[in-house]
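The following explanation leads from the overall make-up of a protein chain to its sheet, one of its helices and its nonpolar cores. Please keep the sequence and the structure in view while reading.

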Amino acid sequence: MPMPKTMPIREPRKNRAASWLLQLYSSSSAAHRPPPPPNAQPIPPPIRVVCVANTRGDQPELPPGDILIHAGSLTHAGTFVEMQQGLKWLSSQPHRYKVYVAGDRDELLDDKFTLTHRCREGVRRNKWDLDWGTVEYLQDTHAELKFPERDRTVVVMGSPWSLGNGKRPFQYVSAGRTGKPLWNRVFGKLDKKPDVVVTPSPPHGILLDVMNRRPVGCPHLASHIHRLRPRLHVFGCERGIHGRKDVPIDTVRKARGRVVAGEVGWPGVAWMASLLVWGVTVGRMVRWGKGSVTAFVNASLASEGDFDNDAVVVEI
């Protein structure tokens, strides 16, 4: 008996229109910035960031760097023993700073989740019993990583939340009803602009395949990333397209993000169209707004059924 065909879940028309306009804009000359003027100031040595996620208990050999970032799912089942082994592995790495953000498999670190789910081990132990070593754990918080020899400080913000079915730790089930106030609260606590944002959840539409013909990623997270424009955004618990994509975030892309997040409707699409027409016909080599480039990294080491992806290294 033939299997019934599943109906594809489609985005609203305004979202598809905004995405089509963004694609058209990205392929046009209006989206390209002219080369910057020569800078007479000496450029300090870059900071090398090694990005991993979704290791699930695996402990691969990692490339050298200044900062090691783990963007969630350090463990497979979230037990105390697994978590302690993972932290010991992270802490043993030679990188000056080791930053870790929990994912939807690291249940020991979600206090609310552990209250409603009995511990898998006989003796109940919690995150306060863990030896964190030299690992900097971020949960809706930020850390300032100092490099005095380069006269630089890197502000890293991390949050463990991800859009899902609500049956795993740190998950919310509705992008609009739950995700919007959640990310407003998380980013509202920031008192410094982050250079790096780390979340297991991806922003909407970056580096991800369309899984089961359904868009993945949170539009409200993307909206905040568009507003803050960090140098680097690391995520990884979605096993989509692994790797890095540099995206210039400017007025057109921010407008598309607001449309997809539901902050504006068809007037936002019309605004995007007017920017595109004006940019192509008049300001051919001018990017709209003072855009900056953000490196988006899907750092998941797990692919379909195996751990055959490598760590992603970014210099900032």
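The paragraphs below begin with the whole chain and then turn to its parts.

The model is predicted. Its protein chain holds seven helices and 13 strands. Of the 316 residues in the chain, 49% are buried. The chain exposes about 16,400 Å², of which carbon and sulfur atoms supply 55%. Among contacts with a separation of 6 or more, 71% are between residues 24 or more positions apart.

An open sheet provides a starting point for the architecture. Five strands form this sheet in the order 4-3-2-1-13, and their pairing is mixed. Strand 4 and strand 13 (312-315) are the edge strands, each pairing on one side only. On average, neighbouring strands of the sheet are turned by 25° against each other, direction ignored. At one end of the order, strand 3 and strand 4 run parallel and are joined by three bridges. Here Val 99 stands opposite Glu 136 of strand 4. Helix 2 packs on the sheet, where it touches strand 2, strand 3 and strand 4, and its direction makes about 150° with that of strand 3.

Helix 2 itself merits a closer look. It comprises 12 residues and reaches 16 Å from its first C-alpha to its last, close to the 16 Å expected at 1.5 Å a residue. Its buried residues are Phe 80, Met 83, Gly 86, Leu 87, Trp 89 and Leu 90. The cover over these buried residues includes strand 2 (67-70), strand 3 (97-100) and strand 4.

The nonpolar interior comes next. In soluble globular proteins, nonpolar side chains tend to be buried together. The largest nonpolar core of this model has 39 residues, and Tyr 100, Leu 109 and Trp 183 touch the most other members. At least two residues each are supplied by strand 1 (48-52), helix 2 (80-91), strand 4 (135-137), helix 4 (175-188), helix 5 (219-228) and strand 11 (243-249). Helix 2 gives the largest share, five residues.

Which residues are in contact with Leu 109, leaving aside its neighbours within four places in sequence? They are Met 83, Tyr 100, Ala 102, Lys 127, Leu 130, Trp 132, Tyr 137, Gln 139 and Phe 170. Of these, Met 83 is also one of the buried residues of helix 2. Apart from the largest core lies another, of 25 residues, including Ala 71, Val 234, Val 314 and Ile 316.

How values were computed
Residues are numbered from 1 along each chain as its sequence is written. This is a predicted model: local features need pLDDT of at least 70, side-chain atom pairs count only at pLDDT 80 or more; totals for chains, interfaces and linings use all residues. Side-chain values use heavy atoms; hydrogens and water are left out. A nonpolar core is a set of buried Ala, Val, Leu, Ile, Met, Phe, Trp, Tyr and Cys residues joined through side-chain atoms within 4.5 Å. Buried means under 20% relative accessible area, exposed over 50%, partly exposed in between (1.4 Å probe, protein chains only). Helices (H or I, at least four residues) and strands (E, at least two) are DSSP runs, numbered from the N terminus. Contact means heavy atoms within 4.5 Å. The expected span of a helix is 1.5 Å times one less than its number of residues. Accessible areas come from the Shrake-Rupley method with a 1.4 Å probe; for residues, only the protein chains shown count as cover. Two strands pair if DSSP finds at least two bridges between them. Axes are lines fitted to C-alpha atoms, for helices over the stretch in contact, and angles run from 0 to 180 degrees between N-to-C directions.
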